[in-house]
Amino acid sequence: MRYDRYADRIIHIRSIEGHSTHVDRERVGPDERDRPHRTEVVQPVADLPGGPRAEPAVEVGSLVRVQREADPDADFLDLESDARYIQTWQPLVLPGLLQTEDYARASLGANPAAVRPERIDQLVKVRMERKGVLVKSEPTRFWAIIWEPALRCPVGGTNVQRAQLDYLVEAAQRPNVTLQVVPLDVGAVAGACGAFVMFGFTDSPNPGAVFLETLTSSHYLEQEAELDGYGLVFDYLRSPALNPARSINMITAIATGT
């Protein structure tokens, strides 16, 4: 499998930093490059039930430095930079690449089972830095389909919600960003499988990877049948979604009503 080397690197890094070294080799790929700055899904062994006591987890920068020293050719932080396009379905939480700082902080802080409070500022900072892929000289093409409940949930309170919705409208003006909203009144939708992110590394319409995340782990899918399945779901979601212009109108209306 062409991504076995990523599993080897992750196991090495986690062993150095005191993290659990369990890695599903059949599911690991370039998405693991995102692990250092999505550290909420990489738990130190001491954080697990019954785990031994250990020193506090190192900061993201320290983990990245150790990884780079161990293998200078590897850089797990450039998954999104490698992608020519990103397509995502988000039914409950707004896409990380389009979050404001306050929204990100409130969202991360809402689940202490996944993120320790003392690490929130660190994770927010890195999440903000990741947004650079949308404004670099050759920006990543980003297409997000969002379910209406994600827009209406007052994450962080009404002021944070309003600012976040205003930011979505602003971000959607970029030529490389497409936003579509699936209204609640369409009923059942194909996205019942949950949130997912598809990465394309070439100009092919077929994604090269699908990223899934749970409370304690993340998975990278690369089997053709799996990619086809998620690609089909994304296509099905496009059908009931409002077009970009009407989607922006809905987001603006929700923001005005908050």
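**Figure 1. Accessible surface and overall make-up of the model.** Accessible areas here come from the Shrake-Rupley method with a 1.4 Å probe. By that reckoning, the accessible surface of the protein comes to about 12,500 Å², and 52% of it belongs to carbon and sulfur atoms. Please keep in mind that this is a predicted model. The protein has nine helices and six strands. Of its 258 residues, 48% count as buried. Among contacts between residues at least 6 apart in sequence, 73% join residues at least 24 apart.

**Figure 2. The six-stranded sheet.** Welcome to the sheet, which is open and has the strand order β3-β2-β1-β4-β5-β6, with mixed pairing. Its edge strands are β3 and β6 (218-221), each of which pairs on one side only. On average, neighbouring strands of the sheet are turned by 15 degrees against each other, direction ignored. Following the strand order, β1 and β2 run parallel and are joined by six bridges. Strand β1 (residues 85-90) pairs with β4 in the antiparallel sense over five bridges. The pairing of β4 with β5 is antiparallel too, over three bridges.

**Figure 3. Strand β1, with a partner strand on either side.** How many of the residues of β1 are buried? The count is six of six, so to follow the cut-off, each has under 20% relative accessible area. Both faces are covered: Y85, Q87 and W89 lie on one side, while I86, T88 and Q90 lie on the other, and all are buried. Toward β2, the bridge partner of Y85 is R141. Toward β4, I86 stands opposite F199, and T88 stands opposite V197.

**Figure 4. Strand β4, covered on both faces.** Here is the strand that pairs with β1 and with β5. Five of the five residues of β4 are buried. F196, M198 and G200 are on one side of the strand, and V197 and F199 are on the other. F199 is a handy residue to look for: it stands opposite A209 in β5, and opposite I86 as well. V197, in turn, stands opposite T88.

**Figure 5. Two nonpolar cores.** In soluble globular proteins, nonpolar side chains tend to be buried together. In this model, the largest nonpolar core has 34 residues. Which residues have the most contacts inside this core? They are F142, L151, L168, L179 and I251. Several elements each supply at least two residues: β2 (141-147), α6 (148-152), α7, β3, β4 (196-200), β5 (209-213) and α9 (244-257). A second, separate core of 15 residues includes I145, V182, V189 and L212.

**Figure 6. L151 and its neighbours in space.** L151 is among the residues with the most contacts inside the largest nonpolar core. What does L151 touch, leaving aside its neighbours within four places in sequence? The residues in contact with L151 are L94, I146, Q161, L165, L168, V181, I251 and I254. Two of these, L168 and I251, also appear in the list of residues with the most contacts inside the core.

**Figure 7. I248 in helix α9.** This view moves to α9, the helix in which I248 is found. Is I248 buried or exposed? With a relative accessible area of 15%, I248 falls under the 20% cut-off and therefore counts as buried. Once neighbours within four places in sequence are set aside, I248 is in contact with V169 and A172. I248 and D166 are 82 residues apart in sequence, and their C-alpha atoms are 9.8 Å apart in space.

**Figure 8. N176, a buried loop residue.** Our last stop is N176, in the loop between α7 (158-171) and β3 (177-182). Why does N176 count as buried? Its relative accessible area is 12%, and buried means under 20%, so N176 qualifies. A polar atom of the N176 side chain lies 3.1 Å from the backbone oxygen of L134. Not counting residues up to four places away in sequence, N176 touches L134, P139, T140, R141 and F142. Two of these contacts link back to earlier views: R141 is the bridge partner of Y85, and F142 is one of the residues with the most contacts inside the largest nonpolar core.

How values were computed: Residues are numbered from 1 along each chain as its sequence is written. This is a predicted model: local features need pLDDT of at least 70, side-chain atom pairs count only at pLDDT 80 or more; totals for chains, interfaces and linings use all residues. Side-chain values use heavy atoms; hydrogens and water are left out. Helices (H or I, at least four residues) and strands (E, at least two) are DSSP runs, numbered from the N terminus. Buried means under 20% relative accessible area, exposed over 50%, partly exposed in between (1.4 Å probe, protein chains only). A polar contact is a pair of N or O atoms within 3.5 Å; within protein, one must be able to donate a hydrogen and the other to accept it, and residues adjacent in sequence count only if both atoms are side-chain atoms. Contact means heavy atoms within 4.5 Å. A nonpolar core is a set of buried Ala, Val, Leu, Ile, Met, Phe, Trp, Tyr and Cys residues joined through side-chain atoms within 4.5 Å. Two strands pair if DSSP finds at least two bridges between them. Axes are lines fitted to C-alpha atoms, for helices over the stretch in contact, and angles run from 0 to 180 degrees between N-to-C directions.
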